[in-house]
Amino acid sequence: MSVEVEQKFLFDSDTLKAIEDIGDCVGQKRFHDQYFDTPDFQLTLRDVWLRRRKRSWELKCPIDPVKGSAEPGREQSLCTRYKEITSLPEIYQRVKEVIKDAREDCDADVPPSDEDDSWLSKLKLCCFAEFATTRRSFTLKGEDGVKIDLDQADFGYHVGEIEVLVPEGGDIQSAQEKIRHTAQRLGLNQERRVEGKMTAYLKRYRPEQYAILLSAHVL
Ligand code: V4E
């Protein structure tokens, strides 16, 4: 397990030039994501995001207190921090802990395998978002461990991310410092948090879920 610390940003040709000046492009790839939740949003209302990308599963969970309990109007940090879990048995365990009533039904279960999707229907998990992304990635000269991704989603939204992966027990504060420093080097506007692909997707294609998550202060 590791913690992903990241800050999103909007980019234009000037930003791209600034990134090319201080970084090296390390590749371009395209991937297809599917996100899953129960019909009553039991995962996303707790800011827990279950994703399948290229047959691999990932669960992103908040490291901070539950988002839904945050007071309205509380100032949001520019950086997000999420635990990333990629082992399917561990994901299954976590998801069962989050979903009410799942434990009695599934406690004695063997963990699912990559080839078997039956756990999804057992936990009433359905795909609520599906999109493809083309991503260009950059590393930075003189800034170890910092990655920049420029994402173009197929539904017409593009967004950049400055990202540092912190191993379990590592220094999250210094990751945030590196991100802030990189954002300054790129001359980014750091006044407010920028929407990610999912927020843009929900707003456009899942307005009911978007409104519920917004009023629960998850988004
Ligand atoms: C954590 C999260 C979501 C899951 C998608 O996470 P994200 O890092 O935006 O996607 P992506 O494709 O860049 O994943 P990677 O390739 O880095 O693994 S969807 C919403 N959230 C919460 C969230 C939020 N509330 N606000 C912002 C600015 N970001 C994420």
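**View 1. Strands β4 and β5 run side by side in opposite directions.** Strand β4, residues 56-62, pairs antiparallel with strand β5, residues 80-85, through 4 bridges. Here, two strands count as paired if DSSP finds at least two bridges between them. Strands (E, at least two residues) and helices (H or I, at least four) are DSSP runs, numbered from the N terminus. Zoom in on C61 and you'll find its bridge partner in β5, K83. A word on what you're looking at: this is a predicted model, where local features need pLDDT of at least 70 and side-chain atom pairs count only at pLDDT 80 or more, while totals for chains, interfaces and linings use all residues. Residue numbers start from 1 along each chain as its sequence is written.

**View 2. Strand β1 has β5 as one partner and β8 as another.** With β5, strand β1 (residues 2-9) makes 5 antiparallel bridges; look for E6, whose bridge partner in β5 is T80. With β8, β1 pairs antiparallel over 8 bridges, and there F9 stands opposite G160.

**View 3. Step back and the strands close into a barrel.** The 8 strands go round in the order β1-β5-β4-β3-β2-β6-β7-β8, with antiparallel pairing. On average, neighbouring strands are turned by 35° against each other, direction ignored. Helix α6 (residues 197-205) packs on this sheet, touching β6 (126-140), β7 (143-153) and β8 (158-167), and its direction makes about 150° with that of β6. Touching means C-beta atoms, placed from the backbone, within 7 Å; axes are lines fitted to C-alpha atoms (for helices, over the stretch in contact), and angles run from 0 to 180 degrees between N-to-C directions.

**View 4. A shell of residues surrounds the ligand.** Around the ligand sit K8, W49, K60, T80, Y82, E161, R193, G196, K197, M198 and L219, each with its C-beta atom, placed from the backbone, within 6 Å of the molecule. Both β5 and α6 supply at least two of these residues.

**View 5. V95 sits in the largest nonpolar core.** A nonpolar core is a set of buried Ala, Val, Leu, Ile, Met, Phe, Trp, Tyr and Cys residues joined through C-beta atoms within 7 Å, buried meaning 20 or more other C-beta atoms within 10 Å. This one has 24 residues, and L50, L59 and V95 touch the most other members. β2 (23-37), β4, β5, α2 (88-98), β6 and α6 each chip in at least two. Leaving out residues up to four places away in sequence, V95 touches L43, L50, L59 and L123. A second, separate core of 14 residues includes I19, I162, V164 and L186.

How values were computed:
Contact = placed C-beta atoms within 7 Å. Buried ≥ 20, exposed ≤ 12 C-beta atoms within 10 Å, placed from the backbone.
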